[in-house]
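Reader: I'd like to learn how to read the packing of two helices in a model. Could you walk me through it?

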Amino acid sequence: MSRQEMEKKADALVREYLSVHDLEEAVTCVRDFACPDFHPTFITNCLNHTLESKEDDRLAVAKLLRHLHSGHSQLLSKAHLFDGINGVLEFAEDIAIDIPLMWSYLATMIGLVMIDTPSLLAELAVSPCVKNMGKGGIFVSEIIQVQVKQQGQECALAAWLQSRLSWSSLLPSGENESDFLKSKNLMFTVEASTSASHYEKLTTLLQSDPSKEEIIAWIEKNIIKEEQRQGPFVRALVAAIATVNVRSSGGPSSSPSFEVDQPGLMRYQDVLVKYVDGEELQLEALLALENFVIKRDHPRDLLSRLFSSFYMDDHLDVIEEEPFLRWAALTKNAPVGHGIAVRSVTSFIDWLKKAQAET
């Protein structure tokens with residue numbers, strides 16, 4: 001089959017799909033073309049045909065590509081996707097002259113499939129055509145913004161971390177990374193990377209059973225003063241302390257139980273009081289505890305026990321009432337599983353509200 005014939009058949013298939021939005025029929029049609037070069041051509045045609053189309057069509061193409069790659073058919077390999085998307089990127093500069101929002105429109109169609117295959121994003125972002133244009137930062141930022149919108153920040157962040165990309169390698173020389181990320185609302189990507197790095201180092205440190213003086217000395221030496229007053233560091237510190245003081249106590253694999261080492265937690269009281277200082281950082285500490293519990297699939301009563309341990313009028317004397325109430329009322333940018341977490345500590349939160357009302 002000649003390239004011209006493949007392009008003609010691909011174009012007809014795309015038009016048919018966008019008119020009826022029948023995923024299974026589209027899968028059957030793609031499968032029927034046994035020619036190995038057809039799949040990349042089909043992807044390129046899908047994207048080119050829909051760039052200037054309406055938003056609903058771009059979303060339909062996104063759904064189709066993800067279904068063909070990650071669904072039960074798995075007809076599109078990563079190599080197919082790379083070649084097909086690259087077929088558009090090769091002409092991106094020319095396309096952007098006629099379609100200024102080209103990068104945003106393209107991201108809408110391929111962002112979802114990048115969640116399933118983060119390595120594809122990494123390879124495309126540093127491909128010669130993107131690199132030569134100096135558009136790596138724009139390309140990746142648009143992809144992540146689409147992922148946040150369609151799948152939530154947590155999924156987008158996971159894909160970003162798995163891609164192992166760095167903004168310093170994507171942005172043109174001389175462009176301010178912080179200003180760029182703030183303009184795109186993507187500061188969470190660097191904050192998460194920083195927090196993950198701090199968490200690993202702090203966990204390793206705490207597992208060596210250091211004194212509080214040794215912990216503070218390590219922090220003062222390795223974490224700059226500005227970072228010590230920011231959320232990523234506090235989240236990492238609290239998560240590391242929880243990691244070394246919460247242990248599985250057995251139970252069925254489907255619902256294991258956990259024990260909180262209260263005396264162990266008390267050893268870090270001075271460290272926590274020193275660095276979890278103020279309402280905003282106390283809220284960050286609560287989010288770290290919540291994430292710790294979510295990652296373990298919400299073990300019964302674990303979050304309630306941890307909250308009680310960190311409460312100012314209980315054991316560690318670290319967190320005041322107001323951050324707990326603010327945490328319970330979170331809606332914007334709340335992590336996946338937040339509703340379950342809040343319900344698991346309803347009695348504790350209600351008790352705090354009652355105590356606050358009586359004072």
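Author: Gladly! Let's start with what counts as an element: helices are DSSP runs of H or I with at least four residues, and strands are E runs of at least two. Keep in mind that this is a predicted model.

Reader: How many helices and strands does the protein have, then?

Author: The count is 24 helices and two strands. The C-alpha atoms occupy a box of roughly 75 × 45 × 40 Å along the principal axes. Of the protein's 359 residues, 47% are buried.

Reader: Thanks! What describes two packed helices?

Author: Two numbers do the job: the angle between the axes and the distance between them. Here, take α1 (residues 3–20) and α3 (residues 38–50): they pack at about 55°, and their axes lie 9 Å apart.

Reader: Why is α1 called oblique to α3?

Author: Because of that angle, α1 counts as oblique to α3. Roughly parallel would need an angle under 35 degrees, and roughly perpendicular 65 to 115. The crossing of α1 and α3 is also right-handed.

Reader: Which residues make the contact?

Author: From α1, they are R3, M6, E7, K9, A10, D11, L13, V14, R15 and L18; α3 brings F38, T41, F42, N45, C46, H49 and T50. By character, the residues of this contact split into eight nonpolar, five charged and four polar.

Reader: And what share of the contacts in the whole protein is long-range in sequence, 24 or more positions apart?

Author: Among contacts with a separation of 6 or more, 70% link residues 24 or more positions apart.

Note on methods. Residues numbered from 1 in each chain as written. Predicted model: local features only at pLDDT ≥ 70, side-chain atom pairs only at ≥ 80, totals over all residues. Heavy atoms only, no water. Axes fitted to C-alpha atoms, helices over the stretch in contact; angles between N-to-C directions. Parallel < 35°, antiparallel > 145°, perpendicular 65-115°, else oblique. Left-handed = near helix turned anticlockwise from the far one by under 90°. Contact = heavy atoms within 4.5 Å. Nonpolar A, V, L, I, M, F, W, Y, C, P; charged D, E, K, R; others polar. Buried < 20%, exposed > 50% of the residue type's maximum accessible area, 1.4 Å probe, protein only.
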